[in-house]
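Colleague: I am new to this structure and would like a close look at one part of it. Could you pick a single helix and walk me through its surroundings with care?

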Amino acid sequence: MQRIRLLTLFLMGAIVVGCDDGRSVPPQVNQQRAEPDAGSEKSDGPDQSLAEPNEIVAVAPEAKSDAQVAEPERILLLARGGPLILDVLLTVDGESYERSVDSLVDRVLKAGDTDGDDRSTWDEWRQNDKFLRGELANLSPIRRRTVKNWVERYDENKDGRLQRAEAAAWLGRSSGRSVTGLRMRSSRRYGPATGAESRLWRVLDYDGDGRLHQQELKTAPERLLELDTDDNRVISSAELATLAEQLDAESRLRSSFERIVRRDAAVRLRTDGDASQLDYLLSDLYAPRQQLGPTSFSARAALFRKLDTDGDRLLGAPELAAMLTVEPHVTLAVDFDSVGDRSTLSLLNLSASTQAQVMANDRIIIDVQDCRINISADDLSSNESESSILDACELSIMIHDRNDGLFALLDRNADGRLGEREIAEARGRITETDADGDQQLAADELPSTMTIVFARGEPRGRQDFYVPRSVNAAIYDASTPPWFRHADHNADGDVSRSEFLGSAAQFSTLDQNQDGFITHIEAATAAED
């Protein structure tokens, strides 16, 4: 990512709130959590819908110079306890993601300038048979009536000139919206998925009282392994639901999308527009029926102090506009390699109040206060799609908290699976979360979990919320002995006693900390002795 230049300063201005919509491991950054902000307290925050949804407004990209430099997108994550500011550098092949859309728009405009007079017209465009037979129009044979209808529909100002906004609208004709470089959609509910929504919870809470008590926690590992249908001592997310349940869940998700989409989990911050929109949204979420005050951002006191420049302990639209210039909590870079269909997610910077775990080059976990954020990057582009060219040029950001809170709690490495170690340590992990110390776990004691997915090539028309694919958590390096790689049958990164073919004494020698598992580091250390 050396080709990327990080720009951390934004022009001061108003904010518009919009919902417009390889495997070496990077070094871990700032692994230690700093002390929480003074005055921090737990707050679930209100669970209210906005009066009106943030409309998806597609704006045609403007022409960029050849020396285009990637600038970060600033995203305001509406987490529990206060907003989090994320800066994200989105690039394709190391260059700004907008270039892909710009190049397609340029091709459409060039098709309308067949006489080379630098004036693109719809009349020239409709007579350009070579373009109309090409991959962007794909009219073979050419249907003149179809072309005529296109011109009538997309020449919006009826001036006969082919403009960038009209070209972008024509490119997005199959989806009913203009092609744009980046779309974002989000959903929040701020409630753990338990009971009827979580098979994992139902398995552990066998008395059905809605709490996990000591006896249930004691038998948690054994009961979890009952879900291991393929007998590899790893539980995947697919094993947590029967086929009927999966189909039913997909049906509920589709039918409920219109209802949940209005409750945004994040917004993009921009340098134009009306900051009062942001004031309305944050007040509605963090301070209903009152103005934003010190307790509104209960877990983000430091951010409140930075914004409260006049010291009156209240935040208004002018002060919220400074969110464009304050230091972000997290700075990320996401690059999509169009040649190898790979994605690279890098952690560039982290504030002192957050903690990060870099799990792989496309997966990062951010922990801040009582909120865990699972971030991933996925290249979903496919050459088999009829609209693969358009799919591959648009990036998507999907943010939601529609997760199984208990599964997310146990899945320490966010690989979408529960490995042997995670299953064995389930009781301790759950007990650590017992906030009130009553030796039981209630659903509202589960930490909030949010998912952020950066994707390229998402199928057009999709409106659900993508769940990152399960991956093998095993991380090997050159020092890992070959025997360890072969012994780790389920690729969860550890060798358990059931996978180890040697004697109990040999296993005990290799298991240096006597936790019941041999790590690749312990194996490498033993090989050096």
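Modeller: What follows looks at helix α5 and the salt bridge that involves one of its residues. Please keep in mind that this is a predicted model. The protein chain has 529 residues, of which 53% are buried, and its secondary structure comes to 19 helices and 18 strands. Helix α5 covers residues 164-171, and because 7 of its 8 residues are buried, the helix is largely enclosed by the rest of the structure. The buried residues are Arg164, Glu166, Ala167, Ala168, Ala169, Trp170 and Leu171, a list in which charged side chains, Arg164 and Glu166, stand beside nonpolar ones such as Trp170 and Leu171.

Turning to Arg164, this residue has a relative accessible area of 18% and counts as buried, since the cut-off is under 20%. Arg164 forms a salt bridge with Asp106, and the closest N and O atoms of the pair are 2.9 Å apart. Asp106 belongs to helix α1 (residues 98-111) while Arg164 belongs to helix α5, so the salt bridge ties together parts that are 58 residues apart in sequence. Asp106, with a relative accessible area of 38%, is partly exposed, whereas Arg164 is buried. This pair is one of 21 salt bridges in the structure.

The nonpolar surroundings complete the view. The largest nonpolar core has 35 residues, and Ile399 and Phe454 have the most contacts inside it. A second, separate core of 27 residues includes Ala167, together with Val101, Leu104 and Leu109. Ala167 is also among the buried residues of α5.

How values were computed. Residues are numbered from 1 along each chain as its sequence is written. This is a predicted model: local features need pLDDT of at least 70, side-chain atom pairs count only at pLDDT 80 or more; totals for chains, interfaces and linings use all residues. Side-chain values use heavy atoms; hydrogens and water are left out. Helices (H or I, at least four residues) and strands (E, at least two) are DSSP runs, numbered from the N terminus. Buried means under 20% relative accessible area, exposed over 50%, partly exposed in between (1.4 Å probe, protein chains only). A nonpolar core is a set of buried Ala, Val, Leu, Ile, Met, Phe, Trp, Tyr and Cys residues joined through side-chain atoms within 4.5 Å. A salt bridge is a side-chain nitrogen of Lys or Arg within 4 Å of a carboxyl oxygen of Asp or Glu.
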